[in-house]
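Okay, thanks for making time, everyone. Let me put the structure up, and then we'll walk through a few parts of it.

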Amino acid sequence: MRRALLAAGLAFAALVAILLINTLRYGQPQPAALPVPDLAVTDAAAQRLARALAMPTVSIDEAAQADSNTSSVAFDTLHAHLRDSYPGMFQSLEALPTGSESLLFHWQGSDPALAPIALMAHQDVVPVDPAELADWRHPPFAGVIEDGRIWGRGALDNKGALLAICEAVEALLARGYRPARSVYLVFGHDEEIGGEKGARAIAQRFAEQGVHLSWVLDEGGLIVDRPMPGLEVPVALIGVSEKGFLTVELTARAPGGHSSKPPRHGAIGNMSEGLLRLQENPVPARIDGATALLFENVAGEWAFAQRMLFANQWLFRPLLVRVLENQATSDALIRTTTALTRFDSGIKSNVLPTSARATVNFRILPGDSTTSVLAHVRAQVDDLGLTLETGSFSSEPSRLSAVDNDAFALIAGSVARAAGEHIIVSPYMTIAATDSRHFEAVADNVYRFNAVRVTVPEVNTIHGINENIAVAEYERLIRFYFSVLRNGTL
């Protein structure tokens, strides 16, 4: 008995020691911060962005009922505004034809042995629901500056980045700077509807012409205040991978007839059962890739008990998954998400419908694929007689870009800190789709980040109501691109 108790005691002590050692070792050192650029940003920069936000460059979906001519005029107006605002960029950089409203510039470097880089942003914005107009503090396309903020659709997604890149280029040109490494500026016009005619066409052109990039920087993560429970500091989330995208259209069919003689299982019932199964049985969760890197990089800011859980996933993984999946934001980081987005059936209250249709959108975790997700859907609904069709647009998850190279160190180090500001910089997985996914075949690494500090409610204004950017954060963004261009093209 004593031997058994002694053995149990030793085993428990060993377990405690392993947990403590793993916890103390868990974490990653922060990248070195580069000096804040000596760059004065005037009030005129905010005014230029405000004017750009007043131009309704709304993406036109082929299925949408919209006046495409109006949108084309808006793009033309934006291009004229850019030419007037950044004459040095238009005179000194080579503007390459794109065959669309997208813009492509080439800033020739002095050293042809250095592989070029690309900075990306998109000109287009999502439409505004007319029913929500009354809830906007300022009209979404008015371009108003008030209370230290620039208000309007596109302030964060993504005209803020677009004009900040232009501001940085113009400032460098004014100083007589010439890069050693060539730079491409890629400003797509249709990112919000897939980027097929904009960024994708440009990437295909690069492939055909043998242009291979060292790295690409596009939109993606932000500097988010308290992005997860237990984190009390802002985290600069640099996207090093991106989820895939798949929409599945489901259809259930039934004979129909009079509602006084309903069958046990009609079209709506079968569809509802299928949707419930998909919702209640999501694709299994995993903690790996960019999400594992994120948790390891922010570990130093967690309380000891929380850090212990993440440092010892061999033991606590089931508990961690249950905790993480209880919040939508963290759940999206660990699994392919299932979103029920549309349902349509029936024409009258006393008529049994002959069909029911629903749309389910999946954001695919790296390691899963469109093929594996479709197999998952079929496994859940095949016995219900539902038919499946995929949407017109889909994309596979991206690969994981390097975090141990000069490019990531440059981007991470260029996050300017205000006096006394404590910001954690970390890799993470971008959960939305970006234009940069089209460039994976022509770039060694793809990064996704806008250096703007926001709160979680401010993040929710993207594609939502009252989108805006603080003037001070827009200035931070300009300095960020200035630093990236100056230090990344030497």
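**Strands, helices and a pocket**

Let's start with a pair of strands: strand S2, residues 103–107, and S6 pair in the antiparallel sense, over 5 bridges. By pairing I mean that DSSP finds at least two bridges between the two strands. The names come from DSSP runs numbered from the N terminus, with helices being H or I runs of at least four residues and strands being E runs of at least two.

Quick housekeeping: this is a predicted model, so local features need pLDDT of at least 70 and side-chain atom pairs count only at pLDDT 80 or more, while totals for chains, interfaces and linings use all residues. Residues are numbered from 1 along each chain as its sequence is written, and side-chain values use heavy atoms, with hydrogens and water left out.

Back to that pair. Within it, Phe-105 has Leu-185 of S6 as its bridge partner, and His-106 stands opposite Tyr-184 in S6. On its other pairing, S6 goes with strand S3, residues 117–122, in the parallel sense over 6 bridges. There, Met-120 stands opposite Val-186 of S6. As background, strands of a sheet pair through backbone hydrogen bonds, either parallel or antiparallel.

So is S6 buried or exposed? Strand S6 covers residues 183–188, and 6 of the 6 are buried, so it is largely enclosed by the rest of the structure. Buried here means under 20% relative accessible area, exposed means over 50%, and partly exposed is in between, using a 1.4 Å probe and protein chains only. Val-183, Leu-185 and Phe-187 point one way from S6, with Tyr-184, Val-186 and Gly-188 pointing the other way.

S2 tells a similar story: 5 of its 5 residues are buried, so S2 is largely enclosed by the rest of the structure. One side carries Leu-103, Phe-105 and Trp-107, the other carries Leu-104 and His-106, and both faces are covered. S2 is also joined to strand S1, residues 94–96, by 3 bridges, and these two run antiparallel. In that pair, Glu-94 has His-106 as its bridge partner. The hairpin of S1 and S2 has 6 residues between the strands, and Gly-99 in this hairpin takes a positive phi near 75 degrees.

Next stop, a separate sheet. Three strands make an open sheet in the order S4-S5-S17, with antiparallel pairing. S4 (144–146) and S17 (468–470) stand at the edges with a single partner strand each, so one side of each is left without a neighbour in the sheet. On average, neighbouring strands here are turned by 20 degrees against each other, direction ignored. Strand S5, residues 149–151, and S17 pair over 3 bridges in the antiparallel sense, and Ile-150 stands opposite Ile-469 in S17.

What packs on this sheet? Helix H2, residues 43–53, touches S4, S5 and S17, and its direction makes about 15 degrees with that of S5. For these angles, axes are lines fitted to C-alpha atoms, for helices over the stretch in contact, and values run from 0 to 180 degrees between N-to-C directions. Contact means heavy atoms within 4.5 Å. Helix H15 lies across S4, S5 and S17 as well, running at about 80 degrees to S17.

H15 spans residues 471–488, which is 18 residues, and reaches 25 Å from its first C-alpha to its last, close to the 26 Å expected at 1.5 Å a residue. That expected span is 1.5 Å times one less than the number of residues. H15 is mostly covered, with 15 of its 18 residues buried.

Finally, two residues in loops. His-438 sits in the loop between strand S15 (424–430) and strand S16 (443–454). With a relative accessible area of 16%, His-438 is buried. Setting aside neighbours within four places in sequence, His-438 is in contact with Gly-194, Gly-195, Glu-196, Ala-199, Arg-200 and Ala-203.

Ser-392 is in the loop between strand S14 (387–390) and helix H13 (406–413). Ser-392 is exposed, at a relative accessible area of 86%. And how many residues apart along the chain are Ser-392 and Thr-247? They are 145 residues apart, with their C-alpha atoms separated by 8.2 Å.

One pocket before I stop: the lining of the second largest pocket has 14 residues, with Asp-331, Arg-335, Thr-337, Thr-338 and Ala-339 nearest its centre. A pocket, on a 1 Å grid over the protein atoms alone, is an open set of points where a 1.4 Å probe fits, with protein on both sides within 12 Å along at least five of seven lines, and lining residues have an atom within 4 Å of a point.
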